[in-house]
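This short report introduces a protein together with its ligand, taking the ligand's surroundings before the protein interior. Please look over the sequence and the structure before reading on.

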Amino acid sequence: MATTLDINIRVDVLEPAELTEQERRAMQLAREAANDAYAPYSNFLVGAALLLEDGSLFKGSNQENAAYPSGLCAERTALFAVSAHHPNKKIKLLAVTARRRSESNFIPAMPCGACRQVMGEYEHKQQENMPVLLQAPDGKFYRFRSVADLLPFQFTKDSL
Ligand code: THU
């Protein structure tokens with residue numbers, strides 16, 4: 001008799017006023033980072049911000065390329081830069097938002113599968129949850145308390 005696993009994924013759905021001060025700062029930086037996106041092909045501007053354990057904030061944006069697959073999403077641009085510059089500092093929060101170039105309102109950008117995999121790698125490496133705060137529909141926010149909630153059944157180095 002087959003068994004079925006029910007996977008429970010937790011997501012906090014937050015009004016702007018319900019963000020913590022640190023979350024507010026990180027989301028604000030993600031919004032500013034979207035302005036730096038190099039996205040001449042999609043005109044879809046994505047901003048990411050990382051809060052480190054020492055309170056410092058770093059930003060990233062999507063970087064496109066005429067050879068389309070050579071570009072990189074905002075989340076991985078930010079994560080790789082932080083890992084390169086601060087390899088031993090834990091990441092306390094990743095905030096992501098987006099907007100279309102022609103519009104000023106921020107819209108949801110759910111991280112792609114490759115970005116979730118990269119987030120999962122760094123969460124695993126730091127042995128501590130890496131919460132992810134995403135712009136959600138209707139001006140709300142989604143707070144995932146762990147990357148594992150964004151990417152269940154993750155492939156990790158433990159399998160190698
Ligand atoms: N993009 C991101 O930067 N992050 C996401 O979470 C989704 C997609 C970028 C890649 C590309 O530059 C543009 O958005 C359109 O796909």
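## Polar contacts of the ligand

In this predicted model, a polar atom in the side chain of Glu75 lies 2.6 Å from an oxygen atom of the ligand. Taken alone, the ligand exposes 370 Å², and the protein buries 75% of that area. The elements that contribute two or more residues to the shell around the ligand are β2, spanning 44–52, and α2, spanning 74–85.

Two further residues also approach the ligand through polar atoms: a backbone N or O atom of Ala74 lies 2.8 Å from a ligand oxygen, while an N or O atom in the side chain of Asn62 is 2.9 Å from an oxygen atom of the ligand.

## The surrounding shell

The residues around the ligand include Ser42, Phe44, Val46, Glu64, Cys73, Met110, Pro111 and Cys112, as well as Asn62, Ala74 and Glu75. By type, the shell divides into seven nonpolar, two polar and two charged residues.

## The nonpolar cores

The largest nonpolar core has 24 residues, and those with the most contacts inside it are Leu50, Leu79, Leu94, Met119 and Val132. The elements that give two or more residues to this core are β2, α2, β4 (91–100), α3 (113–126) and β5 (132–135).

Apart from its neighbours within four places in sequence, Met119 is in contact with Glu75, Leu79, Leu94, Pro111, Met130, Val132, Val147 and Leu150. A second, separate core of 12 residues has Leu14, Ala26, Ala49 and Ala95 among its members.

Key
Residues numbered from 1 in each chain as written. Predicted model: local features only at pLDDT ≥ 70, side-chain atom pairs only at ≥ 80, totals over all residues. Heavy atoms only, no water. Near = heavy atom within 4 Å. Polar contact = N/O pair within 3.5 Å; in protein donor to acceptor, adjacent residues only side chain to side chain. Areas by Shrake-Rupley, 256 points an atom, 1.4 Å probe, with all protein chains shown as cover. Helix = DSSP H or I, 4+ residues; strand = E, 2+ residues; numbered from the N terminus. Nonpolar A, V, L, I, M, F, W, Y, C, P; charged D, E, K, R; others polar. Core = buried A, V, L, I, M, F, W, Y, C linked by side-chain atoms within 4.5 Å. Buried < 20%, exposed > 50% of the residue type's maximum accessible area, 1.4 Å probe, protein only. Contact = heavy atoms within 4.5 Å.
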